Amino acid sequence: MNNKYFVLACAVAFVGVTFYFGSGTTGREAIEDLLPFAQCLAEKEVTMYGAAWCAHCQNEKKRFGDSFDAVPYVECPDNPQVCLDKEIEGYPTWILPDGRKLLGEQGLEKLAKESGCPLP
């Protein structure tokens, strides 16, 4: 009987691990080359404020893949005064050039709409 539970637990763990590592992006946000989009955000000074431990921040970063390196980003625990000065109250917070704040996960399409940067 214990052997059946062990096999079931292993199967559940396998499915969970597969889902976790395979679910970085979904739907229309699974775009391969987002570097021009990320560079446009940088040119327009659209900045993300977050924390490494923040799951929602990690989700936003995953959507960009390697292109996130081009996105202006402030790690608030490492730069507390910057985030206090910007009145960051939660993570992630995106600040647009006109001062508007977008709180929480936005997704690529909303960032494109709010920033005016086209998605590829």
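Here is a short chat about the bonds and cores in this structure.

Colleague: Before we dig in, what kind of model is this, and how are residues numbered?

Modeller: It's a predicted model, where local features need pLDDT of at least 70, side-chain atom pairs count only at pLDDT 80 or more, and totals for chains, interfaces and linings use all residues. Side-chain values use heavy atoms, with hydrogens and water left out, and residues are numbered from 1 along each chain as its sequence is written.

Colleague: Okay, how many disulfides does the structure hold?

Modeller: A disulfide here is a pair of cysteine sulfur atoms within 2.5 Å. Cys40 and Cys117 form one, with their sulfur atoms 2.2 Å apart. Cys76 is joined to Cys83, S to S 2.0 Å. So the structure holds 2 disulfides.

Colleague: How many residues apart in sequence are the parts that Cys40 and Cys117 tie together?

Modeller: Helices (H or I, at least four residues) and strands (E, at least two) are DSSP runs, numbered from the N terminus. Cys40 lies in helix 2, while Cys117 sits in the segment after helix 5, so this disulfide ties together parts that are 77 residues apart.

Colleague: Are Cys76 and Cys83 buried or exposed?

Modeller: Buried means under 20% relative accessible area, exposed over 50%, and partly exposed in between (1.4 Å probe, protein chains only). Cys76 comes in at 3% and Cys83 at 6%. That makes Cys76 buried, and Cys83 is likewise buried.

Colleague: What is the pairing if you number the bonded cysteines in sequence order?

Modeller: One link is Cys40 with Cys117, and Cys76 with Cys83 is another. Numbered in sequence order, the pairing is 1-4, 2-3.

Colleague: On to charges: how many salt bridges does the count come to?

Modeller: For a salt bridge, a side-chain nitrogen of Lys or Arg has to be within 4 Å of a carboxyl oxygen of Asp or Glu. Arg100 and Asp98 fit, with their closest N and O atoms 2.8 Å apart. Glu114 and Arg100 also meet in one, at 2.5 Å. By this rule the count comes to 4.

Colleague: Which residues are linked in a network of salt bridges?

Modeller: Start with Glu105 and Arg63, whose side chains meet at 3.0 Å, N to O. Glu105 lies in the loop between strand 4 (101-103) and helix 5 (107-115) and Arg63 in helix 3 (residues 55-64), so the pair ties together parts 42 residues apart in sequence. Arg63 is buried at 16%, whereas Glu105 is partly exposed at 28%. The network links Glu60, Arg63 and Glu105.

Colleague: What about the largest nonpolar core: which element gives the largest share?

Modeller: A nonpolar core is a set of buried Ala, Val, Leu, Ile, Met, Phe, Trp, Tyr and Cys residues joined through side-chain atoms within 4.5 Å. This one has 20 residues, and those touching the most other members include Phe37, Phe64 and Trp94. Helix 2 (35-43), helix 3 and helix 5 each give two or more residues. The largest share, 4 residues, comes from helix 2.

Colleague: And which residues is Phe64 in contact with, leaving aside its neighbours within four places in sequence?

Modeller: Contact means heavy atoms within 4.5 Å. Phe64 belongs to the largest nonpolar core. Leaving those neighbours aside, Phe64 is in contact with Leu34, Phe37, Ala38, Leu41, Val71, Trp94, Leu108 and Leu111.
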